[in-house]
Amino acid sequence: MPSLLSCPGGLIVIGVIYLFSVNIKSEIWTNGVSDVQFGRLGSRVTLTCGGSLGGSPVEWRLNGSSVQPWQAQISEGSLTLLNATHSMEGNYSCHDERGTLLQTIKLRLGHQPYFVHISCRVPNHNKINCSWTPTKTTHLPTRYISSFSTNAGVVEPCEQDFNRENECSITDPPLWAPKLLVNITEINPLGSNSTIFRGDYHQLLKPDPPEDVTVVQVDGQPTQLLVQWKYPESWPDEMTGAFPLKFLLRYRPIGSSFWSALETEENSSLRIMDALAGHLHQIQVKAQDALNNYSQWSEWSHVVEARPWTESWDEPTEEPFGIPSVKSFPVRATDKSPDSSADQNGSLGLLVLVGLFLAIIVAVLLTIIALLWVRQKKQDIVKNQELSSMVKMKSIPI
């Protein structure tokens, strides 16, 4: 977290940066065009008509229109804005009694420099990268001065890359001085303000994730997977001898919420011995400095997916002598491939068709049963009527 420090190293940084910023301020802002004036929002801003004679009345205009009395006070050729707002920015001009133009002043309003948020990361032992973001918008042209110091208190510039906004880098920092102070000074026409970041070089060390993670099947082993990777590109080869990395591998079958883990030092491959046979697995790897327990683990590498070897039912073919029994297995990213999505969509469509067919059969059967029941009901009614008629005929006297 950025903080102001009272330690000697921090005071040295502040003092040097303060002197440096004052010089730059005078060179950049006060040597600019004379008719540009900067003011602070919410304050009283006074504009002076340089071409007027002492005591002579002048007329002030803003963008060609007269300045309203309720917006400002005019006294002896000066215009004072009582409560500067963005609506008061623009081109001011002062004129004598005849309307002759005496001077033009472009007014820009904003805020004084404020603290910035600084973050630093150490991808290897040879470089420190720092970046910062403003915590307050000043609405004015702004520049930054970046520097750093260590336990020795020597202030050195943090080199800025002008192609990357608000970033600087420290090359070959002293390993024997783990304490790091980074100063970022924000400068604009209204002043300057410094923010100090304090960190421990060893604790900030965080390698980039391992690269080119690949997985291959082990022929004849349905529970094994061979995982291979490379050191991150930001960790140079000449550094691996003196500063090796250790790696942590995690894996799980798809559908499980529990990860299994394996750890290795210096090696760039591991063999999973207890993979779930026939199931697709997710694999990730991350790295840490093997000699610095205070350093941070890298982020996890991208997820790769692979399935262990499964027995093939194809006719066996003779392999040329001398070829190893490990074969590459296609690895896919986390997102499902178009083929698997098409198979799933086809299966789903087949299930829907079968369901519709069964529903139609059930509806037809129910209709037939209903028709038979209605027919039987009618036949019963006819029989009852016939029986009633026969009884009536028998009861009539002959």
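Colleague: What share of residues 348–374, the "transmembrane region" of the UniProt annotation, is helix?
Modeller: The unreviewed UniProt entry gives that range, and such annotations may be inferred rather than shown by experiment. This is a predicted model, where local features need pLDDT of at least 70, side-chain atom pairs count only at pLDDT 80 or more, and totals for chains, interfaces and linings use all residues. Residues are numbered from 1 along each chain as its sequence is written, and side-chain values use heavy atoms, without hydrogens and water. With helices taken as DSSP runs (H or I, at least four residues) and strands likewise (E, at least two), residues 348–374 have end C-alpha atoms 39 Å apart, 0% strand and 100% helix.

Colleague: Which strands stand at the edges of the open sheet, and why is one side of each left without a neighbour?
Modeller: The order is β20-β19-β22-β23, with antiparallel pairing (a pair needs at least two DSSP bridges). A single partner strand serves each edge strand, so one side stays free in the sheet; these are β20 (260–265) and β23 (304–306).

Colleague: What is the bridge partner of Lys246 in β22?
Modeller: Strands β19 (residues 245–253) and β22 (residues 281–289) are joined by 9 bridges. For Lys246, the partner is Gln288.

Colleague: Which residues have the most contacts inside the largest nonpolar core?
Modeller: A nonpolar core is a set of buried (under 20% relative accessible area, 1.4 Å probe, protein chains only) Ala, Val, Leu, Ile, Met, Phe, Trp, Tyr and Cys residues joined through side-chain atoms within 4.5 Å. The largest has 39 residues, and those with the most contacts inside it are Val227, Leu249 and Ile283.

How values were computed. Buried means under 20% relative accessible area, exposed over 50%, partly exposed in between (1.4 Å probe, protein chains only).
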